[in-house]
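Thanks for coming. I have one structure to go through today, and I will take it piece by piece.

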Amino acid sequence: MRLRGRKGIREGLEQQEDLVVLNPEQYKGKWQERFDNDLPIHVEFGMGKGRFVSQMSVKHPNVNYIGFDMYDELVRRASEKTRIAWEEAERGEPTTIQLARANIEKIEEVFAPGEIERIYLNFSDPWPKKKHGRRRLTHPRFLEMYCKLLNARGEIHFKTDSETLFEFSLNSFADYGLQMTNLSLNLHRDGINEEHVMTEYEAKFMGKGMNIHRCEVLIGEEVLREYQVMRLDKY
Ligand SMILES: C[S@@+](CC[C@H](N)C(=O)[O-])C[C@H]1O[C@@H](n2cnc3c(N)ncnc32)[C@H](O)[C@@H]1O
């Protein structure tokens, strides 16, 4: 087994300037320039090893993706996964995806207001102790930041296996005055729901027979307007 020290991992990331961003603050307000296109930007906060964000970037060529994690090693794993996914899909070098190292606590230093269209929160750390509640990525203090950064089509898509985190998050969305829709207490009730790309944690928890909870939160004025017209159509 090849072992890498922390320095080796960092050097490996520094050599991937096309895909990896170690100081994302430098692109605040300039992400579209970095991508060199005007496609919408979707982000995953806490991407882990990057299965979800890399697969999404292959599946949706008309979206720019940025996966964030705070650990170098996870950004490295995600970069490997992304290059393999793009190669397998015969898409060549990854262009519409970036992988960034950042702590979401400081995400307002990374994006300008209205720069993002969608935020994915997949299996965010549940922080089960009450005294750590402020660290949950769905705590109202994070929602306040997300609302500033999302544009008129802004949405949050949230998945978790944790019943307590789901319950906490639904209350947080509601108390912050946000519109939820498409709630599910068991996303794969009727077998694997192919519509949704699976994350590493999702596959692991599914394997253990656990239910996956999911909901969408509508933030931007345009999506809220559309929702008002459509909301009862599915009943
Ligand atoms: C439980 S894992 C889920 C990984 C992946 N989304 C999945 O579903 O397989 C949570 C990830 O979020 C990252 N994370 C937690 N808090 C974070 C923060 N404040 N900023 C950036 N990343 C964070 C962790 O490092 C970890 O990789």
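**The sheet and what packs on it**

The backbone of this talk is an open sheet of eight strands with mixed pairing, in the order E1-E4-E3-E2-E5-E6-E8-E7. Its edge strands are E1, residues 20-21, and E7, residues 179-184, and each of them pairs on one side only. Keep in mind that this is a predicted model.

Inside the sheet, E2 and E5 pair in the parallel sense, over three bridges. One detail there: His42 has Arg118 in E5 as its bridge partner.

Next, the helices. H4 packs on the sheet and touches E1, E3 and E4, with its direction at about 170° to that of E4. H3 lies across E2, E3, E4 and E5, and runs at about 175° to E3.

How many of the nine residues of H3 are buried? Seven are, so this helix, residues 51-59, is largely enclosed by the rest of the structure. Among the buried ones are Arg51, Phe52 and Met56. The cover over them includes strands E2, E3, E4 and E5, together with helices H4 and H7.

Now the largest nonpolar core. It has 43 residues, and Val43, Phe68 and Ile119 touch the most other members. Leaving out residues up to four places away in sequence, Val43 touches Ile66, Phe68, Ile116, Ile119 and Tyr120.

Last, the ligand. It is surrounded by 19 residues, the closest being Gly46, Gly48, Phe123, Thr199 and Tyr201. That shell divides into eight nonpolar, six polar and five charged residues. Which element gives the most to it? H7 does, with three residues. Strand E3, residues 64-69, and H7, residues 200-207, each supply at least two.

Technical notes
Residues are numbered from 1 along each chain as its sequence is written. This is a predicted model: local features need pLDDT of at least 70, side-chain atom pairs count only at pLDDT 80 or more; totals for chains, interfaces and linings use all residues. A residue is near a molecule or strand if its C-beta atom, placed from the backbone, lies within 6 Å of it. Helices (H or I, at least four residues) and strands (E, at least two) are DSSP runs, numbered from the N terminus. Ala, Val, Leu, Ile, Met, Phe, Trp, Tyr, Cys and Pro count as nonpolar, Asp, Glu, Lys and Arg as charged, and the others, Gly among them, as polar. A nonpolar core is a set of buried Ala, Val, Leu, Ile, Met, Phe, Trp, Tyr and Cys residues joined through C-beta atoms within 7 Å. A residue is buried if 20 or more other C-beta atoms lie within 10 Å of its own, exposed if 12 or fewer, and partly exposed in between; C-beta atoms are placed from the backbone. Two residues are in contact if their C-beta atoms, placed from the backbone, lie within 7 Å. Two strands pair if DSSP finds at least two bridges between them. Axes are lines fitted to C-alpha atoms, for helices over the stretch in contact, and angles run from 0 to 180 degrees between N-to-C directions.
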